[in-house]
Amino acid sequence: MDPIHPKSVIVYRQVKRAMRSGRYAPGERLDPSRLAGEFKTSPTPVRFALYRLVGEALIVDHARDGLHVPLPNEVVLRNLYDWMERLLLMACDIGEEPRLRESTALELANVDSDLVKLTWQLFDAIARATAHGSLHRAVKQANDQLAPIRRAKQGLLDHAHEELSRLHQHWQARDIPALKSALHDYHERRRQLVPCIVALLSDHNGHAR
């Protein structure tokens with residue numbers, strides 16, 4: 001833990017978990033004073049934690065307007081989907097380190113599943129299995145950047161549970177050609193929906209103000 005501001009590490013982890021869960025929506029302003037009260041600490045470690053997240057591109061600093069969860073435009077979101085797909089396909093091409101093979105199966109998606117959480121876990125598992133730390137870190141960062149967006153746009157996609165189940169099944173079977181094809185289709189569906197997703201995020205952000 002940080003020897004100077006150990007509480008900032010705790011707050012950092014708590015805020016990151018909250019962002020993955022959809023507690024903070026794209027475009028939402030994060031007030032350090034409010035978060036300090038919420039986490040029962042002083043504003044200083046909260047600011048340290050938030051600026052650490054700025055460095056990871058999970059929060060953006062709008063100067064006088066404060067710190068916000070990123071609200072991507074169409075170019076940024078399309079590039080983010082492209083980047084995530086490229087990273088996962090690279091992981092598939094590198095292959096799995098045998099000693100890191102998952103000993104337990106990942107939970108398969110059903111109508112009651114938290115698809116955002118399961119998607120994060122699956123993509124993380126694919127990258128982690130390569131034993132390439134830099135690739136795994138890049139996937140984790142992209143995963144975290146996409147988590148609030150995945151949470152906000154869930155209603156736009158039909159048959160998302162079946163889609164994620166297929167990805168899980170290909171990964172569990174280690175059918176890499178089928179997995180790569182399904183990953184491409186997964187991201188292509190979202191690239192096609194980028195204008196709708198951005199409009200939805202902007203609309204939600206406007207209503208929240």
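Here are a few questions and answers about the cavity and the nonpolar cores of this predicted model.

Me: How many cavities of 30 Å³ or more are there?
Reply: To count here, a space has to be closed, so that a 1.4 Å probe fits but cannot get out. With the cut-off at 30 Å³ or more, the count comes to 1 cavity.

Me: Which element gives the largest share of the lining of the largest cavity?
Reply: That cavity has a volume of about 30 Å³, and its lining is made up of Tyr81, Met84, Leu146, Arg150, Lys153, Tyr186, His187 and Arg190. Helices α4 (74-94), α6 (133-152) and α8 (176-192) each give two or more of these residues. The largest share, 3 residues, comes from α8.

Me: How many of those lining residues are charged?
Reply: Sorted by kind, the lining has 4 nonpolar residues and 1 polar one. The charged ones number 3.

Me: Which element gives the most to the largest nonpolar core?
Reply: This core has 35 residues, and Leu77, Phe123, Ile126, Val139, Ile149 and Leu167 have the most contacts inside it. At least two residues each come from α4, α5 (115-128), α6, α7 (160-173), α8 and α9 (194-208). With 8 residues, the top contributor is α4.

Me: How many residues are in the other core, the one with Val11 and Tyr24?
Reply: It lies apart from the largest core, and Val15 and Ile59 are also among its members. Its size is 18 residues.

Me: Which residues does Val139 touch, leaving out those up to four places away in sequence?
Reply: Val139 is one of the residues with the most contacts inside the largest core. With those sequence neighbours left out, it touches Met84, Leu87, Leu88, Phe123, Asp124 and Ala127.

Notes: Residues numbered from 1 in each chain as written. Predicted model: local features only at pLDDT ≥ 70, side-chain atom pairs only at ≥ 80, totals over all residues. Heavy atoms only, no water. 1 Å grid on protein atoms, 1.4 Å probe; cavity = no way out; pocket = protein on both sides within 12 Å on 5 of 7 lines; lining within 4 Å. Points joined across faces, edges and corners; volume = space filled by probe spheres on them. Helix = DSSP H or I, 4+ residues; strand = E, 2+ residues; numbered from the N terminus. Nonpolar A, V, L, I, M, F, W, Y, C, P; charged D, E, K, R; others polar. Core = buried A, V, L, I, M, F, W, Y, C linked by side-chain atoms within 4.5 Å. Buried < 20%, exposed > 50% of the residue type's maximum accessible area, 1.4 Å probe, protein only. Contact = heavy atoms within 4.5 Å.
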